[in-house]
Amino acid sequence: MSNDASTMSLETPTDRAEEDRASVFAARTEEDRALVLAAQSDTTAAGQLFDKYYPEIFRYVYHSTLDHAAAEDLTSNVFFSAFRHLELFRWRRIPFRAWLYRIATNELRMHYRKQKRMSAANAGPVDPESPTPVPSADTVAADSDDYRLLQRALLELGQKYRTVIVLRYFEGKSLSEICEITNKREGTVKSLLHRALAQLKDALVRAGLTLP
Amino acid sequence: MKSDNERIEAFLKGVVLPECESDGHARQLRAQILSRLQAGRAGRGTSSWWKTAALLLGLLGAAALATETIIQVRHYYFYGRAKDGFYYFSTTPENAGTNQVDSIGIAVRGDLDAAGIEQKRKDLEEIDALRQRNARELFRVIDTEVNGKPVGRLFFYKYVLPDGRTEIITETGDESASPAQMEADRQQIADLRQRGQREIRNIIEVEVGGHSRRSLCCRYLLSDGRGVNRFEPDPELPGPVPLTFKQESELARLAVLEKKGEFLGSTQVQVLGRTFSLQKYSFTLSDGTVVTRSEGQPEGPMNGMTAAEGDEFRQLAAANKGETLGTYDEDVLGKPFKFTRVKCVLSDGTEVIQSMGKPGGQR
């Protein structure tokens, strides 16, 4: 029942690291509240808000696509969309950071969907043995073999599984942050993570990786 | 022994993520976003004094009657949000509590939370101070004629707030008249009234405890092209009614912003030879006072465009479907403006001529 053990570890949010992450998250949220309020009417504050979040969102999108050009395009879409609707943003519903990640996740979903359509249109009959869309030529820029292998394996996962893996392990998000970004309950996120890890393991093993 | 998922987690934590930077893109995107934001804010600030000065006088004032607006340093307060989505702000009446009101107001379009409302209120005070000092840029003037009758001039001003933000406000010219100008306007309005040259666009009747008052919203076209609205008492039913300012204010809020009255029916009255159709509502104020309030417009055509005609005209103008009649130069408030006259004929045959003036004409 190895999977059960893993589930247990995911269901222990009281571990110290998770608590620390939660308190840092709360402090950042308060800080953001003031900045966003100012940015809703003040262009200088809007600039500060952009500076604060651009690197984080770009990194998230890049780690999700491993394609520099696509990451720039998608990040542009995220910020144009967010700032166009900045004045409609209501703090009560969701912290600003989570809101940006939500927009980014949505952009990524559309990006993958478009890629899937394009490959279906261009490639003719689908070969079930062939790997799902591979990262673009930019992939060579990645300087980690494990990472490239991981990316290939991640692309075999459904979008919702890929999202929770990237958020949790690449971006270091806490469970509560992932809940806010994905708009799902904690139990659902834990379950998604559990299944995502299991599927990822299978994909990595198929790719020839020997787990530690 | 580690579970599969724990092993995968260990693997994930050990993966070295590739570095990713995009400084050039960040700079470019930042500049694009901020410039769009700035442009959007400048445009969004468009607000309508001409519509709301009249409306708020109507709101607060059915009690205002013949009082004239006095320009002074003013405090603004948030009046409320109407069902049409506009946020209404008004100057604090200096003589609140009496039966006289000096107040102007503004409606702001948008979606504001509490902080946004407070920011807007402060902005309006800044704008008011800038207006008093004439620290603003008049960048457009529009004259409109509907079926050959002028409906009044609109002034488009750009205000730069101390923090650099820009607001664009549409005004009638009534908001910033100097005391001397106001006195001249008052005399001209009295003359026009004497000669019957006013258009009654709206009437409001209030009945409380057997006392009645009828107010007429009159529009006057002044000799310099400005169109101004004034609430005036109907000599046949001048009041007063036993309502305090607080009660008048509550009544206005219930009737105009919240539309929370009990419909009692429609009625017709004759005022100065015209028939007005009134909608009558009953309102119960928070202190239990029951007030009947009727409001209505004259039957038959009114000068100007209806909302639907205004929309149609804007669509035609935006699609360049108007006929350019020519250009002319005219001084506006001491500065040369070049006007272009464009004619549009609406689907119901209404002929609208709009003359848009921009700085740069010849003296």
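Start with the crossing of α3(A) and α4(A), which is right-handed (the near helix is turned clockwise from the far one by less than a right angle). This is a predicted model, in which local features need pLDDT of at least 70, side-chain atom pairs count only at pLDDT 80 or more, and totals for chains, interfaces and linings use all residues. For your selections, residues are numbered from 1 along each chain as its sequence is written, while chains are lettered from A and ligands numbered from 1 in the order in which they are written.

Select residues 43-65 of chain A for helix α3 and residues 68-84 for helix α4 (helices are DSSP runs of H or I, at least four residues, numbered from the N terminus). Their axes come within 9 Å and cross at roughly 140 degrees; axes are lines fitted to C-alpha atoms over the stretch in contact, with angles from 0 to 180 degrees between N-to-C directions. The pair is therefore oblique (not under 35, over 145 or 65 to 115 degrees).

Now show the contact residues (C-beta atoms, placed from the backbone, within 7 Å). On α3(A), pick A:Ala46, A:Phe50, A:Ile57, A:Phe58, A:Val61, A:Tyr62 and A:Thr65. Facing them on α4(A) are residues including A:Leu74, A:Val78, A:Phe79 and A:Phe83.

Next, move to helix α7 (residues 159-170) and helix α8 (residues 175-182) of chain A, which pack at about 140 degrees with axes 10 Å apart. That angle makes α7(A) oblique to α8(A), and their crossing is right-handed. Highlight A:Thr163, A:Val164, A:Leu167 and A:Arg168 of α7(A), then A:Ile178, A:Ile181 and A:Thr182 of α8(A), to see the contact.

Technical notes: Helices (H or I, at least four residues) and strands (E, at least two) are DSSP runs, numbered from the N terminus. Two residues are in contact if their C-beta atoms, placed from the backbone, lie within 7 Å.
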